[in-house]
Amino acid sequence: LYSLWAYRSFPQTIAIEADPRLAAEFRDNLQLAALDIELIEAAVSDRRGHITFHTDQDTDLMGSVLPVYAEAHRLQQVEVPCVDLA
């Protein structure tokens with residue numbers, strides 16, 4: 001949603017998605033819609049490398065580098081690339 005808003009307002013749009021499932025879905029949708037949005041498939045942190053990301057197996061609306069909602073949702077840990085904003 002935010003990427004589409006930015007795409008309509010700015011000449012260059014970069015989207016960042018850490019969840020591998022959502023990134024794949026987003027990439028497919030970009031191709032189908034022929035949108036020129038750069039997709040970075042990584043988490044954002046203060047360092048580069050890899051980080052553990054917690055995907056929510058109950059919904060694709062949540063995911064985090066912190067195990068939030070662990071008591072209420074089934075989380076799966078995946079290692080994802082990590083970039084800094086610089």
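This is a chat about the pockets and the aromatic pair of a predicted model.

Trainee: What is the volume of the largest pocket?
Mentor: About 350 Å³. A pocket here is an open set of points on a 1 Å grid where a 1.4 Å probe fits, with protein on both sides within 12 Å along at least five of seven lines.

Trainee: Which elements give two or more residues to its lining?
Mentor: Helix H1 (2-9), strand E1 (13-16) and helix H2 (20-33). Lining residues have an atom within 4 Å of a point. H2 gives the largest share, four residues.

Trainee: How does that lining split by class?
Mentor: Eight nonpolar, two polar and two charged residues. Leu22 and Phe26 are among them, as are Glu17 and Glu25.

Trainee: And what lines the second largest pocket?
Mentor: Glu17, Asp19, Leu22, Phe53, Asp60, Leu61, Met62 and Gly63. The space there is about 150 Å³.

Trainee: Changing topic, how many aromatic pairs are there?
Mentor: One. Tryptophan 5 and phenylalanine 10 sit edge-to-face, 5.8 Å centre to centre with 75 degrees between the planes. Rings pair if their centres lie within 6.5 Å, and planes over 60 degrees apart count as edge-to-face.

Trainee: Is tryptophan 5 buried or exposed?
Mentor: Tryptophan 5 is exposed, at a relative accessible area of 54% (the cut-off is over 50%). Phenylalanine 10 is partly exposed at 46% (20% to 50%).

Trainee: What should I know about the numbering and the model?
Mentor: Residues are numbered from 1 along each chain as its sequence is written. Local features need pLDDT of at least 70 and side-chain atom pairs 80 or more, while totals for linings use all residues, and side-chain values use heavy atoms, without hydrogens or water.

Terms used:
Grid points are joined across faces, edges and corners, and a volume is the space filled by probe spheres set on the points. Ala, Val, Leu, Ile, Met, Phe, Trp, Tyr, Cys and Pro count as nonpolar, Asp, Glu, Lys and Arg as charged, and the others, Gly among them, as polar. Rings of Phe, Tyr and Trp (its six-membered ring) pair if their centres lie within 6.5 Å; planes under 30 degrees apart count as stacked, over 60 as edge-to-face and the rest as tilted. Buried means under 20% relative accessible area, exposed over 50%, partly exposed in between (1.4 Å probe, protein chains only).
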